[in-house]
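Colleague: Could you walk me through the surroundings of ligand 1, please? I'd like a close look at that one site.

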Amino acid sequence: MNSEMIIQIIKEVQKAYEANASEIEKLDQAIGDGDHVINMRRGLKAILEIEEELGSLKPGGALNKIAMTLLSSIGGAAGPLFASMFMGMAKVPGSDHMDDSKTVAKMFSSGVELVKQRGKADVGDKTMMDVLIPVSTLFNKLVERSDLSKNEMLRQLMAEAERGMLSTKDIAATKGRASYLGERAKGHIDPGAKSCQLIIFTICDYLMNQEKIR
Ligand code: ADP
Ligand code: MG
């Protein structure tokens, strides 16, 4: 994978985000302060504004640059959390090449680990971690299997992201703004979990259609 591909993926995510923005906005209006979509849009726009510079960097450098850009462009809880995801991914040796799925899986879990350290949330707190942690665990397991095709692996990751997102619906939040609502947050999917599921879905869908990637 190269930096051009990272930019292409961000563009796909932006498109998918626009198609789902009103649904996600409603979720943050229900259990947050309604700014989650604004935050995500701001971050995506800021990344694409430096598209040219990103294209000139190796993937690891581009991921770090994206992290810095997100830190300075998105406010709220989501900015530093998403920035940590990219920073964690860039830390892994081999992030400049990203040429096999094992490296990408390691990068993903390193990103998730940094988000976890930053936000101190775990599975069951009704946050984006309910999607990120199970997907990261499954991804690292699946790359060890030689009997799976690339597309089968991607399909399983998509399904896991969806399961994680849906699991946030009927629980109370114990981290983030939604935790102020107590039991009243029950019955609503967490907006950050929905965003992460959508992003993972979009990336997997993009990679499924890439012949060049094993
Ligand atoms: P804010 O909460 O500051 O308004 P956003 O609305 O952009 O920021 O993001 C809200 C999302 O951030 C939540 O739906 C949740 O998934 C995620 N989130 C909040 N706090 C944490 C945390 N401590 N760890 C992980 N994710 C969190
Ligand atoms: Mg919010």
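Modeller: Sure; a residue counts as near the ligand here if one of its heavy atoms lies within 4 Å of it. This is a predicted model, where local features need pLDDT of at least 70, side-chain atom pairs count only at pLDDT 80 or more, and totals for chains, interfaces and linings use all residues. Side-chain values use heavy atoms, with hydrogens and water left out, residues are numbered from 1 along each chain as its sequence is written, and chains are lettered from A and ligands numbered from 1 in the order in which they are written.

There are 20 residues around ligand 1, and N39, A77, G119, D190 and G192 come nearest. By type, the shell splits into eight nonpolar (Ala, Val, Leu, Ile, Met, Phe, Trp, Tyr, Cys and Pro), five charged (Asp, Glu, Lys and Arg) and seven polar residues (the others, Gly among them).

Now the polar contacts, meaning pairs of N or O atoms within 3.5 Å. D190 has a polar side-chain atom 2.5 Å from an oxygen atom of ligand 1. For M128, a backbone N or O atom is 2.9 Å from a ligand oxygen, while D28 places a side-chain N or O atom 3.4 Å from an oxygen of ligand 1. On its own, ligand 1 has 560 Å² of accessible area (Shrake-Rupley, 1.4 Å probe), and the protein covers 93% of that.

As for secondary structure, helices are DSSP runs (H or I, at least four residues), numbered from the N terminus. Those giving two or more residues to the shell are α2 (36-49), α5 (78-91) and α9 (191-208); α9 gives the most, with three.

Definitions and conventions. Polar contact = N/O pair within 3.5 Å; in protein donor to acceptor, adjacent residues only side chain to side chain.
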